[in-house]
Amino acid sequence: MNRNAVISMKSARLLGMLLVLAGSVISLIPLYWTILNSFQPNEIAMKVPPELIPGSFIFDNYTYLFTKTGAFRWFINSACISAVSAALVVYFSAMAGYPLAKKKFPGVNVLFWTVLAFMTVPREVLLLPLFLMMKELHLFNTYLGILLPTIAWPFAVFLMRQFISTVPSEIFDAAAIDGCSPLAMFHKILLPIIKPGLGALAVFAFVNSWNDYIWHLIIISSDNMKTLPLGVASMSQELTANYGYLMAGASFGAIPLITVFLLFQRFFTSGITLGAVKG
């Protein structure tokens, strides 16, 4: 390889890194603006054009959020619901993806394509049937009613099926010869192997549940069961909404999402890479 080719490769790599850096900075601007305005009075938060470098900071918005609203209760509800939902989605999706990837039975391909077909169905189409189902089961305004519709997620089943397809079948054959039961094979062999995939799906499921504003708005009627996005949105329904308060609530709600991503970043990155190996 001649010198010009090496210089061209380095220039292309540098250009790519600069583009990625620029994209990262642009994507972080809304988060920066939200956090910044959470420390500003309402008149500054509504100012056009916005002040990207303010002269002072106040904590009145957070004082109001934590003392005049049920923010802590909303936060606990969101955290518990999202954590439990993510755990259930990860476990049952892995359990559903295992036979689709490694078991041979009549109709397995039809079943898999059915899962893919359900991925194309808009969530809004299912809201009314889900609401009527939860009402008939007397699960309206209950935590179980919030959680049950989130467990069956076609995307999660598809993702787990793709991850499990990358695991060599010889491992399961050897375990079966040693007398390992299918359930033990799933828990003791499969789950430890696909930890990166489980971590990636956990991030997706947690964020999906945390941001599921529409379903929570439909199924929740009592104030003590409100989630944080629902509670923050209710603050904007006042006659004169204070955008400083809303920015404080939005910033407070972003903390768990950022924390979960940082905790699972290693699994998320390796999981996405592993899932792309085999389609």
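1. A good place to start is the charged pairs: the count comes to 2 salt bridges, a salt bridge being a side-chain nitrogen of Lys or Arg within 4 Å of a carboxyl oxygen of Asp or Glu. Please keep in mind that this is a predicted model, in which local features need pLDDT of at least 70 and side-chain atom pairs count only at pLDDT 80 or more, while totals for chains, interfaces and linings use all residues. Residues are numbered from 1 along each chain as its sequence is written, and side-chain values use heavy atoms, with hydrogens and water left out.

2. One of these bridges joins D212 to R123, with 3.3 Å between the closest N and O atoms. D212 sits in the loop between α11 and α12 (213–219), and R123 belongs to helix α6 (residues 123–136), so the pair ties together parts 89 residues apart in sequence. Helices here are DSSP runs (H or I, at least four residues), numbered from the N terminus. D212 counts as buried at 10% relative accessibility, whereas R123 is partly exposed at 30%; buried means under 20% relative accessible area, exposed over 50%, and partly exposed in between, with a 1.4 Å probe and protein chains only.

3. D223 pairs with K226, and here the closest N and O atoms are 3.5 Å apart. D223 is exposed, at 56% relative accessibility, but K226 is buried, at 18%.

4. Now for the interior. The largest nonpolar core has 40 residues; such a core is a set of buried Ala, Val, Leu, Ile, Met, Phe, Trp, Tyr and Cys residues joined through side-chain atoms within 4.5 Å. Several helices supply at least two residues each, including α3 (60–68), α8 (154–165) and α14, and α4 gives the most, with 8 residues. Among the residues with the most contacts inside this core are Y98, F172 and L198.

5. L198 touches V90, A94, M160 and L191, leaving aside residues up to four places away in sequence; contact means heavy atoms within 4.5 Å. Apart from the largest core lies another, of 12 residues, with I81, M134, W215 and L230 among them.

6. Finally, look at α13 (residues 228–235) and α14 (residues 243–263), whose axes come within 9 Å and cross at roughly 175°. The two helices are therefore roughly antiparallel, a label for angles over 145 degrees. L228, V232 and M235 in α13 meet α14 residues including Y245, L246 and F252. By class, this contact has 7 nonpolar, 2 polar and no charged residues.

Definitions and conventions
Axes are lines fitted to C-alpha atoms, for helices over the stretch in contact, and angles run from 0 to 180 degrees between N-to-C directions. Angles under 35 degrees count as roughly parallel, over 145 as roughly antiparallel, 65 to 115 as roughly perpendicular and the rest as oblique. Ala, Val, Leu, Ile, Met, Phe, Trp, Tyr, Cys and Pro count as nonpolar, Asp, Glu, Lys and Arg as charged, and the others, Gly among them, as polar.
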